[in-house]
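Student: Could we go through this structure together, with you explaining the words as we meet them?
Tutor: Gladly; have a look at it and then ask away.

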Amino acid sequence: MQESKDATRFLIVLLVVTFMTGALVLVVKSDYRIRDNELSNLEYYPHISP
Amino acid sequence: MLTFILLSLAFIGGMGFAVLSGATASGLFLLLTAVFFTCAVIPFWFKHGNSMLAGDFKAIREDEETIPVLSMIFLMLTLAMFGSFSYVSELRYDYRGHFLTICEKYDESTTWRISGRVIEEPKLRGDYLEVLIQPETMRRVERKRVRVQNDSEKKKSGGGYETVAETSEAETVTGGLLMALVYEDNEVFREVSFNQTVEIEGQLTEASEKRNPGAMDYRQYLRNRGIFRTVRIMPRRAALKVVEQRESGAVWYRFALHIKNEVLKVIKQTMPYHESSFLGGVLLGLKGGLPPKVSQEFRMTGVSHVLAVSGLHVTIIAGLFYGLFTMFKIPLRIFAPIIVFSLFTFALIVGWPSSAVRAALMNSLFLLSMAYLKDSGFKLSVIFSLCVASDYILFMSPLQLTEPSFVLSVMAIYALAMFSEPSGEMLRRMLRGPGLAFAALAFAAFFVAIIIDNTLVLHPYFFPLTFFCIVATCYISTRLSDRSTFQSFAFEMLPGWLQGFLAAQIAIFVAMMLPLSAFYFGQLSLAAPIANLIAIPLIGLIVQIGLIAGLIGAFVPVIGIYIALVLNAANWLAVKFFLGMASFFAALIPYPRISQPVFYELVIYYLLLHCFYFRREIKTWGLALYAAVYDVWDEPDYRNSLSLLAIFAVILAVAGSVVFFSGIERQPDLRMTMLDVGFGSSLMIEAEGKVTLIDAALNDTLAGVDRGERVIQPALSGKQVREIKAVILSSALPERISGLSSVLSTYRVNRLYVPFPLPTNGVRVNFEEYARTFAFGDIKLERRLKSGQNAGIPPSYFWELAYESYNRLIEDVHRYKIPVQLLKAGDKITDIGVNIEVLYPERNKDTFQQYYDGLVLKITRDTQNYVYLSGNAHPAAEGVGFRPDFIFVADLPYPYEAFEKFVKSANPEGVAISFRFPAAWLMDGYHMAGTISSRNKSYGPRLKQLNFPVYMTSENGAVQVDQLRNTVNTKVFVKD
């Protein structure tokens, strides 16, 4: 029971911290946008495109 | 459970026997399977026959010895023979209707029209797709030019010609696969996908077999995957046409592919290149697109297993789903089947590699046993589930047994299951107080030393000394810990999970990474123990966030992609950190070559490892066995039987030893191997345990193909070589010197011999100086220099490569402090196991003519003589004063008439010529391109007219010449 509680807590903390860090990256890095990423990935698996 | 484990071991052992013995008699193995099974049934029936007839199966189950010992022995033999039968029958492809059988009826130039089905999603490799096709029918195509008379316009002009394709009757294919390589410049590149019917027209190619010592046998590798021919789909060479998309069948696989493509689209939208290629690799098993530099850094730091989508990923995903379901309070009995389904879907997504299948099976067994059998007291052992997974994989695909990915995956789990706990115990005893301080100091001192001086790893005794230091450190630390009463600062004080993790790392390193990296790859990452401490937890984070982001982005409408963007923006930091960590350790800690052990050495290593780790258990068992034998010996009735058993054991041991030792190849007095290095040359000489290299092949930087790394290094690894006594460069041509740099980075070279000027101060020369020292016979450049103009820049890629290679040699000689000796006619080299005498060039000039001043060497061992000719046959035609037993030529010899005169007068036992026509970009703008091309075309028929064998590395692969008791034997790696 304790293990499952720990796992739940870990997952929640992981998701919250991830969201906050991700938001920070998006604020600081102005070229981290969907369009820019698509352009930089044009040559990566070119036969599968979004 | 123990019964199942024993039977599994017998099944795998039987397969191993088939591999080692090279047996092909599948019928015999099947017959033995039936015989042994009958033998197993008899004692079982004898004991339980009455109960079975009475239908009392409960009595059988409750019997203390359900399966009698004799039945068990025969059952194990049955499984062993069945294992051998499975392996041998899988190798059979000589039956009518097999793809290979049909192909082999006709020569390689036959054009085929093949209709077949794409059986798995095409894989991207560099700039082409690897498409696996199950051929259904195939026809031969013959194109003919025929005169056309009917057309009215052509009638006016007296008729015309057109090409007509005639096809033979279709043959139905019943086995074997074809691999099509579809290049990016084809339209079909974006069309071809799983479950399509396709039609291919073109010539088929058979993959290259093992061409050099220590090299990979690509043909066998493909055959182990069931592939027997390849075809390159390129304009004007071969064509692939999509006939139809089949929408039926393989629902699960199509579902997995749909998820894969959708998640890949999300990755491409939410993470920039090349971090996206890393996430695609670790999450979806997409190896294409990752920059080669990153792959190399991963290999150097020992973390490339993260890209192999190993069992670790499956376990991480199982953990993630377990956590998510637990979070929402869903009972295990309900979500266990969902996780099992997800794990196998994941294995399908990543291409169903044996490592992922193994992990999916093992995790599923654990989950299902926890969900449904826990109440009945059932506890699953790791070894049992490993046996189930291995049996399944080998039953479905027996040829996986020899695949490194399968062996590495199984042995990693075996190492964890068997050696983690004893490793933990060892660490707990060793790392306490002063013991911990001493071990930490020794560990730090080792890494500081190799970081400060990278060349330490090139020392011939680096690995033996390191091993000795590790043993000494363990011993001293344990002693210090035992004697100390100081209890603080101990390994035991670490959290339990960290203790387990560190112990698991030790177990993996000693029982998997160290022996199997050496055995399969001949290299060992010294950074691996440190890098993995960071990499493994980090990869858990990256995979979990990546998977959540991928699934949300792909399947949550409208806002899903934006949530994925935020998640992957954070993940991008983790990926950046991972790539930076790999790059940092790759630059800091060297990645040395290690001698590749042979199979029996590997077996001995594992035996010793088990003896060391389980010494107490072995001692207990040994004493118990001794006591039992002693008791039985006291009984006069059993004495004769025991004596007979002992005699039988001795006979078995002697017979086994005889078979073993007779199988070991007797070392010749002298072995010379002209390696197949493509365009260029390299001759490896082995005598009295010393190795010498004459020429070191080409490193084509434009193509990214370094023959020094790909051919010479593996050849040396397999020879148990600790150092190279001497390297002799016959000329400064790039196809002879540029491959040396990578060899110098992994092997210590005692002395370098060259016939051309070579500064040792490490200062690069400019092109002006270079062009004035080396003459290539480029009339334009020579005229320019004579008229007093400067040399300008290298006029072609070949010149540039030559210039760069020479400067690299200057830098390497200085960096590794290699003594250099200038050679000229009359010089002798005698301390390398053979005597080498320089016959040409006669004197040392300021200018070195690359094509005419190359070395001519006389190699002597006992009464046998050999000649190494740089290419220029003039000096040899004038007479060498002895009869060579074998002649090695580093290039197509010129002029042919002089060469013919020389070899006809010498009449050797054979000639080996190292040559393959160079790549187009190497010859672009090169003034010798026309000469090399015309020689290549005209020499073949003329060489065939000579009345002794002439071996070309382009056709025969490496040519090995052995001298044993004054007789010369030749072996070629590729037979006609």
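Tutor: Helices (H or I, at least four residues) and strands (E, at least two) are DSSP runs, numbered from the N terminus. By that rule chain A has 2 helices and 0 strands. This is a predicted model in which local features need pLDDT of at least 70 and side-chain atom pairs count only at pLDDT 80 or more, while totals for chains, interfaces and linings use all residues. Residues are numbered from 1 along each chain as its sequence is written, with chains lettered from A and ligands numbered from 1 in the order in which they are written.

Student: How do you know how chain A compares with a compact globule?
Tutor: Use the radius of gyration, taken over C-alpha atoms; the globule rule is 2.2 Å times the number of residues to the power 0.38. For 50 residues the rule gives a value near 10 Å, but chain A has 17 Å. The C-alpha trace of chain A spans about 50 × 30 × 10 Å along its principal axes.

Student: What percentage of chain A counts as buried?
Tutor: A residue is buried if 20 or more other C-beta atoms, placed from the backbone, lie within 10 Å of its own (exposed: 12 or fewer; partly exposed: in between). Of the 50 residues of chain A, 12% meet the buried rule.

Student: How many residues of chain B are in contact with chain A?
Tutor: Contact requires C-beta atoms, placed from the backbone, to lie within 7 Å. On that rule, 30 residues of chain B touch 23 residues of chain A. The largest share of chain B's side, 8 residues, comes from H20(B).

Student: Why are H9(B) and H20(B) called roughly perpendicular?
Tutor: Helix H9 (residues 275-284) and helix H20 (residues 560-588) of chain B pack at an angle of about 90 degrees, with their axes 10 Å apart. Angles of 65 to 115 degrees count as roughly perpendicular (under 35 roughly parallel, over 145 roughly antiparallel, the rest oblique), so H9(B) is roughly perpendicular to H20(B). B:Phe278 of H9(B) and B:Trp572 of H20(B) are among the residues making the contact.

Student: What makes E21 and E28 of chain B edge strands?
Tutor: Strands pair if DSSP finds at least two bridges between them. The open sheet has the order E21-E22-E24-E25-E26-E27-E28 (chain B), with mixed pairing. Strands E21 (828-829) and E28 (950-952) each have a single partner strand, so one side of each is left without a neighbour in the sheet.

Student: How do you know that E24(B) and E25(B) pair?
Tutor: The pair has 6 bridges and runs antiparallel, and B:Leu857 stands opposite B:Tyr868 in E25(B).

How values were computed:
Axes fitted to C-alpha atoms, helices over the stretch in contact; angles between N-to-C directions. Contact = placed C-beta atoms within 7 Å.
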